[in-house]
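User: Please take a close look at the pairing of charged side chains in this model, and set it in its surroundings. A formal, connected account with explicit cut-offs would be appreciated.

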Amino acid sequence: MRCKPIVCTQERLFVKIQYIKILRSILHLMSKNITIYCLFILSLLALPTTGFSQYGHFRFDYLTTRSGLSQNHVNCIFQDRDGFIWIGTYNGLNRYDGYNIKTFHSANEPDGLTQDAVNVIFQDSEGALWVGTDLGLNKYEPSTRTFSHYYNLYPDSTRHIENNIRTIYEDSDGKLWVGFYGGGIKVFDPETERFLNPEEVFKEELLPGHAKVNEFFVDQSGNYWIGTENVGLVEYNPRTEVIKRHVSKPRPGMLSDDLISSMTKDANGNLWIGTWNGGVNIYNPNSQTFEQFDPDGTGLFAQKPITDIFIEGNTAWIGTLGNGIFSVDLTSGEINHLLSDAGQVQGLNSDIVWTIFKDKSGVVWLGTYGGGVNLFYPGSDAFHSYRYSVDGQRKLQSCLVNAALELSDNTILLGMLGGGVRLFNRNNGHFSSLAIERDDNALNIRCLFQDDRKAVWVSSDKGLFRFDKDLKKKAFFPLSVGEGRLGDKSVYSVFQDRQGNLWFGLWGAGVRKLRSEDIDKAPDEVFFRSYETSHFAGNTVWSFFQDSKGRLWLGAGNGLFRYHYEEDSFVQEKALGNVLDGISISSFSEDWVNNRLVMGTLGRGMALMDMDDKSVEFVDEKSGLLRNEVFSIHSDAAQNFWICTNNGLSRYDTRNEQFRHINVEMGMQENELLNKSWLLSWGEILVGSNNGFYLFDPSRLVDSPFEPNVVITDFLVNNADKPLMKKDNLIIANLRATENTFSLEFAALDYRMSDKIEYQYKLEGFDENWINAHAGNRRVTYTNMDGGEYIFKVRASNSDGLWTGREKRVEIKLASPFYKRLVFQVLFLFFPVGLFFVFLRIREKKIKSNLQKRNDLFNLDLLKQERNTLENRLNEKEMEFAAVKIFIREKEERLLALRDQISEALERARPEVKNTVNRLLCQIESETNNSEARQEYLDNIDLLHDGYIDRLAKAFPRLTQKDLQICAYIKGAKSNKEIAAQMGISSQSVEMSRYRIRKKMNLDSSLTLNDFLVRF
């Protein structure tokens, strides 16, 4: 489904129709009267063969193959949500950002277009971009810049005519209604990614399978209108599923042609239908009838096929195949026509206008066959261009409009450099010549002026001419030297002050003054006062100005001067810092709000001098002025200053110090104006050029409030293209550590003079301040960046210089190299400390180990000493205990001796006493005379005498246990009797045992057994 915006036209056809009517009347009269015929021929011969021809004030720029467009045959134009313009041609798809064109082709690539012939472009409610071609449906994936492909249901659909797509529309359920040129209407479900079978959608057949669909339109009631090439017009109600078919019939109220090419509606809800052979039809939904649109009764719109229709307000725009574009005022019925014209600079370049589109900023796009895209900027019709021609043909190098003067009868005098003076009648648009001498110098006009008595002064290189108010009588003031004479230099400026004096500024010769009382005198009676002693003598005087306080100012080639009426002299005005000395001042105006004198200079731009403190502010190219060579300055009612430079006209707003530039993009034919501009009575400005002039109406200039969307058009990493990721309306770039050089290219999608857009960008985390950039410098590169998180910001003005609040942000996350990461840097920083710490730890451990070893050895010695001490103490205690036991044993032995005595005494005791005492004696015997007691005695002796028994047994292994026991008793200083009593043997047995012990020990006879055993 194609959008249809407004189109711009010239006013030609209406004028032609009026001329045709006049010529018909004249020819009718000529056929009856030969005299009238002859007079008519003579009048034609008397017409001038040279003059200015007015060209339509609609001016176009072009997008063609020279601009990068893939082909000049344009089928469709579309603008997406971001603001990109998409252009479909027979040779691929194009995306335009105001500066560059990116093309998409099939080229047999799996992710390219299915076919290069692009017929329709559509964006659905989810933002997906759909492209219909001669061979299937394509869905564009912006993240990968690739296309997904979808075909019709037929098995051989990739080669079938039913894949030729012409229209796309999205219904309320999100499904796409796709019109095929030869395949009728099919419904595509984006969720399942397939074309639905007709029986899944329609109760009855909506269109036959061979229907060639050209147009799909939805009216204000929600009804679908499907225009075809071979089955007429079909009306479908999606709620009731009622189908109405409209076909052409040769009777009133019926469709005039079945080949439907375009559809739209007007403000009244009427449906406008463009046909191939039947012109334009208007369908009235109330009467349900069709009416052929023929406002002038000539069948004008039925002469050529209608390609597109758009209606905006009371104007209907109609594109045709071979007959350009029509615009029709629906209120007055006036028809305007725009045709291509090889003689018109930047006019419509093709009469086949296939599609018409209007973007969000108001720019009109005309898609043509053979001429690419024609772009028309709103507001450019503020200019009317008048160019010099010879015999109706353009002449590029011709007369230059060097002076202009508006007269009271709406006539404008034009002073030509080499062409004399022409009179332009604004009422009828006619030009005529003012009779001046046919001398070459007389035809070089320098300035024009009308005094308070309506006399017109014409300055030429031959001299000064004075004409009366009717431009009939003239007086000539030759260039001659002498007292009171004009001088031998041309007059470049003329001015009349409030006292009635005329002032003449000469080329390189200062000033002449003609008093008010001498203005009407004959040339030989006047006296020109010269100021040869003034500082400007010998310099060119460019301009005069009398401000609101009556001060007369003079601008010369060497500075600013002020006239003192009392002294009749000029004094050079000294600005603060003498900044105006030596500056050539070309023109004047006044900023009465801020009490400043405004001056145009030749080389320093515009100068504003404060009348109180004489400070001067310069507004030049650095401030945004087109050029520093200012030829003239005018102020309007809003206190804007219109500045004419050699590169165009600019408007300067003193309130916000902003410029609005008007040059070739706004309708001027060339940037180099080379001369002045003049303010006319109705607020218009006449601008002279080297090939004609312009009439500019500032009130018709459109100040665009449009805020363009700023987009990132390209992102390069290490000079290689890298797609950006979108997440939750954020643009993100994740880069590896090696991807530390990246470039961003940006564009503000305002197509009204996009080269006038200004930009500012900043990379947060790197740039401290915003950086200014012009339209030609929209790519910024950052190299060898450190790892980290950055935010790239870019903002832009619109084409009129209005800065918007929109800002594009890109989050860039650049990984750091391992050696630059914080962890590594911290580790690297603390690595020597760590090594030193490890060294200290190792040394500490070693020292501690040594100390521990020493401590262990020391403690071992202490332990040994303590153990020895304890062992000694234990030995002492054991010895004490053994001695005690020995002492106890000895007591026991005494008891045994006492027992023996009692036994002897019992022999004489009575029996009962004897039994009692014997029982007690047996108990004593059992307690004192057991082997365990004897062995314990030996152990105590051994302990008491440091292992005595063990040493004795080892030294004399032949000794028996009984022998060792006797030795222990002998060591304990026991007598034989005590030993015999302890062991329960006789004394003789003890003696025998002692003898055997000596033998076993092999003791010397001189050594007693007791001495040996005691010392052993």
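Analyst: **Salt bridges and their setting**

R453 is partly exposed, at a relative accessible area of 37%; on this scale, buried means under 20%, exposed over 50%, and partly exposed in between, with a 1.4 Å probe and protein chains only. The model is a predicted one, in which local features need pLDDT of at least 70 and side-chain atom pairs count only at pLDDT 80 or more, while totals for chains, interfaces and linings use all residues. Residues are numbered from 1 along each chain as its sequence is written, and side-chain values use heavy atoms, with hydrogens and water left out.

The side chain of R453 forms a salt bridge with that of D520, at 2.7 Å from N to O. The term denotes a side-chain nitrogen of Lys or Arg within 4 Å of a carboxyl oxygen of Asp or Glu. R453 is placed in the loop between strand 36 (445-450) and strand 37 (456-460), and D520 in the loop between strand 42 (511-514) and strand 43 (529-530), so this pair ties together parts 67 residues apart in sequence. Helices (H or I, at least four residues) and strands (E, at least two) are DSSP runs numbered from the N terminus.

As a general point, side chains of opposite charge can pair when their charged atoms come close. By the rule above, the count comes to 30 salt bridges.

A second pair consists of R779 and D714, whose side chains meet in a salt bridge of 3.0 Å, N to O. This pair also links distant parts of the chain: R779 belongs to strand 66 (residues 779-782) and D714 to strand 59 (residues 710-717), 65 residues apart. The partners differ in burial, for R779 is partly exposed with a relative accessible area of 37%, whereas D714 is buried at 18%.

In a third pair, the closest N and O atoms of K793 and E764 are 2.4 Å apart, again a salt bridge. K793 lies in strand 67 (residues 788-796) and E764 in strand 64 (residues 758-764), so the two tie together parts that are 29 residues apart in sequence. Here the lysine is the buried partner: K793 has a relative accessible area of 12%, while E764 is partly exposed at 27%.

Besides these pairs, R515, E517, D518 and K521 are linked in a network of salt bridges.

Polar pairing without a salt bridge can be followed at N119, which is placed in strand 7 (residues 118-123) and counts as buried at 9% relative accessibility. Its side chain makes polar contacts with the side chains of D134 (2.8 Å) and N164 (3.2 Å). A polar contact is a pair of N or O atoms within 3.5 Å; within protein, one must be able to donate a hydrogen and the other to accept it, and residues adjacent in sequence count only if both atoms are side-chain atoms. Apart from neighbours within four places in sequence, N119 is in contact (heavy atoms within 4.5 Å) with N75, C76, G132, T133, D134, N164, I165 and R166.

Another buried strand residue is G184, in strand 13 (residues 184-189), with a relative accessible area of 1%. Its C-alpha atom is separated by 5.6 Å from that of L207, 23 residues away along the chain. Leaving aside neighbours within four places, the contacts of G184 include L207, P208 and G209.

Two backbone features lie in loops. E193, in the loop between strand 13 and strand 14 (194-195), has phi near 55°, a positive value in a residue other than glycine. M753 likewise has phi near 55° and is located in the loop between strand 63 (742-748) and strand 64. E193 is partly exposed at 44% relative accessibility, but M753 is buried at 2%.

Helix 7 (residues 948-955) has Y948, I949 and L952 as buried residues. Viewed down the helix axis, the buried residues fall within an arc of 95°, so they line one face of helix 7; the arc is that of the directions from the axis to the C-beta atoms.

For the chain as a whole, there are eleven helices and 68 strands. Buried residues account for 50% of its 1016 residues. Among contacts between residues at least 6 apart in sequence, 53% join residues at least 24 apart.
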